[in-house]
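The exercises below move from single residues to the whole chain. Work through each task with the structure in view before reading its solution.

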Amino acid sequence: MKANEEAKEYVFGYLILPVEGGIDKSYGYGFSMYVPAWPLLMHYPGHNFQSGLPSTWMFAQNSPVYSDIEGGLGWWRDTRFPTETPKFIMGGVGPDFSEVANAPGRGWGTWEEPRGLYGVAQLSNCLLFPLDGLRIKDGAKGELLGYGYINLPLAEPKEKTNGKDVPTGGNCWTLFINANNFKGPVAFFLPYFWSKHGLKNPNWAGRLLDSKPADPNRAVQMETQWIPCRVAKDSKGNLYARIAEVLFPINHDGVTVLLHRDTVYNEKALWESVKAWFSGGHPSSGRVDMRGAYVRRIKGRGYSTWEIRIPVGKGKEMRARLDWESFATPIIVDEYTYGYKWNYKFVRKYCDFVILPEFYRLENSDDPKKAKWVPILPEEVPPETGLKEVKFTRPIEPEPEPFTTPIDDPKSCWRNPGPVAGPFKAYLGDGSVVTYYWYRFADQPALLNADLTKEEREEMQKRVELIHRHWTKDREYLPSPTVGKLVDLDPAQIVKPPKGLEVGYVPIVVRQELSEQKPLRQKR
């Protein structure tokens, strides 16, 4: 084994965060929660790396098929401008992963055959949503990001979809963010993203997230699909492993907080006040009413399924779990806050983080049910394995291709009716530059591809203009955290509307590419 060989072994698994179940189904109007943002690995290891930070899966109640909103903070193999700092994607999933929508203008498929590229509409008039994901500001060390999806009455339900007798519901699941430098609604999934699938399968009609309330009994987990690892034998045939330097933040009273205030909502939290406002009543403050909220308690200890996987040929893998409990102890910080405390015999302190054990020995290798990787100290690693010389650094990879849209096609919906101002540019901390234009809300490409009449789009325009007049980025919307501090978004994403376009207009990113002004690397 050579130290510079590409790692074929990897770490895979979930951290299961134990939140209360059995919540009344009336709390089906959305959720919010606080999770930490931090660099999971000391060095970005290349595009095989895929891991989320703590997140969730929101399904429709009694859904007949796998279709949900997931996403969250993390790193993905199709992230084009990655650094150690995580990004946020929305993660709307059509039935059985037929489509995915991650942001305004970002999803699966091509512009000739889009599969989610038009699934999300921009709502905020002061926060850009880059095509590669919403960026956290560099330097995050476990500060909390508040986020969630709340159903807003931005659209009216319809009895027909594409002229067929298939309903389209009025649910507009809207991403709300609570960060230190931005607060409020950002973007929302268009009901048509879900309802159009009822045209293919009548069993799904009226039973997806466009029509049905959300199931409040969501799982909350941290899903890790690939962290690089190396495995080697000593002269006696014993297996040893080294994994990349994995970081967890110490972000509250000497421990790691992974989840705080997972809250679910009923119609009284926000829906009723906004619906009355749109019908001519008094303006809604936009702040959720806690009388319509339920904060889920932490129930149980949670557990880890992290394991090392070793390819053994013909699509098969040898798998054995990491002895996570030997160095990490789940704790209930308070009844609404979950995290870990650490065994400093095996983890080591690094600035505001701990680094998980890097070295392991496989025990009970002859019994797949009992086999486990136990952490060991560096001096216990046999020299002949060469594992002490292994380095996990950022590999040299091809220059990323730009994210593009049909903005240059004069016949496309991106030009007809088209933007009213631009182009403008924003230079992000990941070394990329985004190009964006200002569109009238109702004329943005996503709405033009959502089976909406001009009258229906104009009604949505009126509602969004009310939001732009009254809901600013520095007001409180989600319930505030009671532990920790809020993280900052990359400030380059926060923009100011041009004069005269403050109300009813939104910034739409049309291109993202590597910038010549900033290197694609993490600032440390």
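## Exercises on a predicted model

Q221 lies in strand β18, and the model in which this residue is examined is a predicted one.

**Exercise 1.** Decide whether Q221 counts as buried or exposed, and list what Q221 touches beyond its neighbours in sequence.

*Solution.* Begin with the cut-off: a residue is buried when its relative accessible area is under 20%. The relative accessibility of Q221 is 17%, so Q221 counts as buried. Next come the contacts, where residues up to four places away in sequence are not counted: Q221 touches Y14, L15, I16 and L17, together with L53, P54, S55 and W57.

**Exercise 2.** Which strand gives the most to the largest nonpolar core, and which residues have the most contacts inside this core?

*Solution.* The largest nonpolar core has 102 residues, and F248, W342 and W373 are those with the most contacts inside it. Strand β18, which spans residues 220-233, gives the most to this core, contributing seven residues. To see the surroundings of one of these residues, take W342 and set aside residues up to four places away in sequence: W342 then touches F248, I250, T256, W324, F327, A328, V347, V354 and L356. A second core, separate from the first, has 42 residues, including F188, L270, Y439 and I508.

**Exercise 3.** Locate R475, classify its exposure, and describe its contacts.

*Solution.* R475 is placed in the loop that runs between α4 (454-470) and β35 (505-514). Its relative accessible area is 27%, and because partly exposed covers the range between 20% and 50%, R475 is partly exposed. Once neighbours within four places in sequence are left aside, R475 is in contact with K183, S285 and H470. For a comparison of sequence and space, R475 and E397 are 78 residues apart in sequence, while their C-alpha atoms are 42 Å apart.

**Exercise 4.** How does the radius of gyration of the protein stand against the globule rule, and what share of its residues count as buried?

*Solution.* The inventory of elements comes to four helices and 35 strands. The radius of gyration is 24 Å, close to the 24 Å that the globule rule gives for 524 residues, so the protein is as compact as a globular protein of that length. Along the principal axes, the C-alpha trace spans about 75 × 50 × 45 Å. Of the 524 residues, 59% count as buried. Finally, among contacts with a separation of 6 or more, 75% are accounted for by residues 24 or more positions apart.

Technical notes:
Residues are numbered from 1 along each chain as its sequence is written. This is a predicted model: local features need pLDDT of at least 70, side-chain atom pairs count only at pLDDT 80 or more; totals for chains, interfaces and linings use all residues. Side-chain values use heavy atoms; hydrogens and water are left out. Helices (H or I, at least four residues) and strands (E, at least two) are DSSP runs, numbered from the N terminus. The radius of gyration is taken over C-alpha atoms; the globule rule is 2.2 Å times the number of residues to the power 0.38. Buried means under 20% relative accessible area, exposed over 50%, partly exposed in between (1.4 Å probe, protein chains only). Contact means heavy atoms within 4.5 Å. A nonpolar core is a set of buried Ala, Val, Leu, Ile, Met, Phe, Trp, Tyr and Cys residues joined through side-chain atoms within 4.5 Å.
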